[in-house]
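Colleague: I am new to this structure. Could you walk me through how to read it?

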Amino acid sequence: MGIVGNLSPQQRQSFDSHGFLVIESFASPAEIEAMRKRMDGMLQAFDPTTTASIFSTKNQVKLTSEYFYESAENISFFFEEKAFDDNGNLKQPKELSINKVGHALHEIDPVFKEFSCSEKVSSLLFSLGYKKPVIIQSMYIFKQPGIGGEVTPHQDNSFLYTEPKTCTGLWLALEDATVVNGCLWAIPESQKNGLVRRFIRGDDGVYFDRPSLSYDQKDFVPIEVKAGSLVVIHGDLIHQSFENQSSNSRHAYSLHAVDTDGCKWAEDNWIRRKVEPEPLYSSGQT
């Protein structure tokens with residue numbers, strides 16, 4: 001049996017055509033348990049009084065702070081918008097109030113690094129045509145029951161831009177993701193229309209260089225997957241997720257990769273790295 005991450009010609013063709021690909025059972029139950037258990041430990045140790053940073057795709061420009069910038073090289077905690085009452089107090093336990101943890105789990109934490117830098121992740125990226133791929137950011141996303149926020153339609157290349165464009169999203173379901181608890185939705189083949197806009201970090205903060213487009217919700221299709229499934233997302237694919245109005249969470253671990261071979265990392269990306277992350281190499285490659 002071949003390495004899990006090696007794509008067949010049919011899988012590569014499907015990805016190139018639709019802009020996304022679902023690989024079932026990409027992560028083992030043991031890997032899922034290890035990552036969830038490790039995050040449980042992080043949440044137990046986290047003191048919510050040390051930060052009140054909120055993550056929102058609706059108010060991303062307004063809510064961006066130095067804490068957000070520094071998260072590129074740290075393990076940082078971001079709350080849901082609806083986690084606080086009018087007095088600024090959490091309405092539920094901290095474990096049910098966090099939107100996501102990011103953005104350097106893949107570099108700092110051994111458990112998440114083991115999966116992120118695994119041979120199957122590396123092989124997958126090489127199957128997609130990468131020469132010297134790097135994982136540029138990682139996020140543990142909770143999609144909390146009842147308050148898990150909406151993620152508005154977007155393209156990953158907007159936030160992690162290289163010349164030429166090389167960003168690919170790897171979205172691992174740590175729990176079953178359904179239309180009820182906030183699964184991904186995408187517009188098939190939308191990647192063929194190119195990049196709509198960029199998210200730029202300037203001297204006065206971050207901003208989008210163009211207004212958002214309006215999308216017909218009838219064009220989106222749900223991507224419902226079982227825990228352990230990996231959704232591979234083209235950097236120009238329009239995708240989103242809705243609020244989680246159910247009583248069940250929808251945990252996921254998300255990675256974004258870019259190539260460093262013949263590609264230039266844009267200096268006005270929100271992530272400003274002094275040193276490039278260590279590239280991933282396939283077994284036997286030097």
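Colleague: Let me start with the cysteines. How many disulfides does the count come to?

Modeller: Keep in mind that this is a predicted model. A disulfide needs two cysteine sulfur atoms within 2.5 Å. By that rule the count is zero. Take C117: its nearest cysteine sulfur belongs to C167 and is 16 Å away. For C263, the nearest cysteine sulfur is again that of C167, at 12 Å.

Colleague: Are C117 and C263 buried or exposed?

Modeller: The cut-off matters here, because buried means under 20% relative accessible area and exposed means over 50%. C263 has 19%, so it counts as buried. C117 has 38%, so it is partly exposed.

Colleague: On to the sheet. What is the order of its strands?

Modeller: Read a sheet from one edge to the other. This open sheet has seven strands, in the order β1-β12-β7-β14-β4-β3-β2, and the pairing is antiparallel. The edge strands are β1 (20-23) and β2 (75-79), each of which pairs on one side only. Neighbouring strands are turned by 20° against each other on average, direction ignored.

Colleague: How many bridges join β1 to β12?

Modeller: Four, and the two strands run antiparallel. Strand β12 covers residues 230-234. To see one facing pair, look at V22, which stands opposite V231 in β12. A general point helps when you look at side chains: in a regular strand they alternate between the two faces of the sheet.

Colleague: Which helices lie across these strands?

Modeller: Two to look at are α1 and α7. Helix α1 (residues 9-18) lies across β1 and β12, at about 140° to β1. Helix α7 (residues 119-127) lies across β1, β4, β7, β12 and β14, and runs at about 120° to β4.

Colleague: How do I read a helix such as α2? Which of its residues are buried?

Modeller: Start with its span. The 17 residues of α2 (residues 29-45) should span 24 Å at 1.5 Å a residue, and the end C-alpha atoms are 24 Å apart, so the two agree. Then look at burial. I32, M35, M39, M42 and L43 are buried. These residues cover an arc of only 100° around the axis, so they sit on the same side of α2. On the other side, P29, A30, E33, K37, Q44 and A45 are exposed.

Colleague: What about loops? Where is I187?

Modeller: I187 is in the loop between β8 (184-186) and β9 (199-202). With a relative accessible area of 12%, I187 is buried. Leaving out residues up to four places away in sequence, I187 touches Y215, D219, F220, L237 and I238.

Colleague: What joins β9 to β10?

Modeller: A hairpin, through two residues. The pairing of β9 and β10 (residues 205-208) is antiparallel, over four bridges. F199 has F208 in β10 as its bridge partner.

Colleague: Last, the backbone. Which peptide bonds are cis?

Modeller: Look at omega. The bond from G102 to H103 is cis, with omega near 5°, and H103 lies in strand β3 (residues 98-103). Another cis bond joins E163 and P164, with omega about -5°. P164 is in the loop between β6 (162-163) and β7.

Colleague: And which residues have a positive phi although they are not glycine?

Modeller: K143 has one of about 45°, and E189 has one of about 70°. K143 is in the loop between β4 and β5 (151-154), and counts as buried at 3% relative accessibility. E189 lies in the loop between β8 and β9, and is partly exposed at 37%.

Definitions and conventions:
Residues numbered from 1 in each chain as written. Predicted model: local features only at pLDDT ≥ 70, side-chain atom pairs only at ≥ 80, totals over all residues. Heavy atoms only, no water. Pairing = 2+ DSSP bridges. Axes fitted to C-alpha atoms, helices over the stretch in contact; angles between N-to-C directions. Contact = heavy atoms within 4.5 Å. Buried < 20%, exposed > 50% of the residue type's maximum accessible area, 1.4 Å probe, protein only. Expected span 1.5 Å × (residues − 1). Arc of directions from axis to C-beta.
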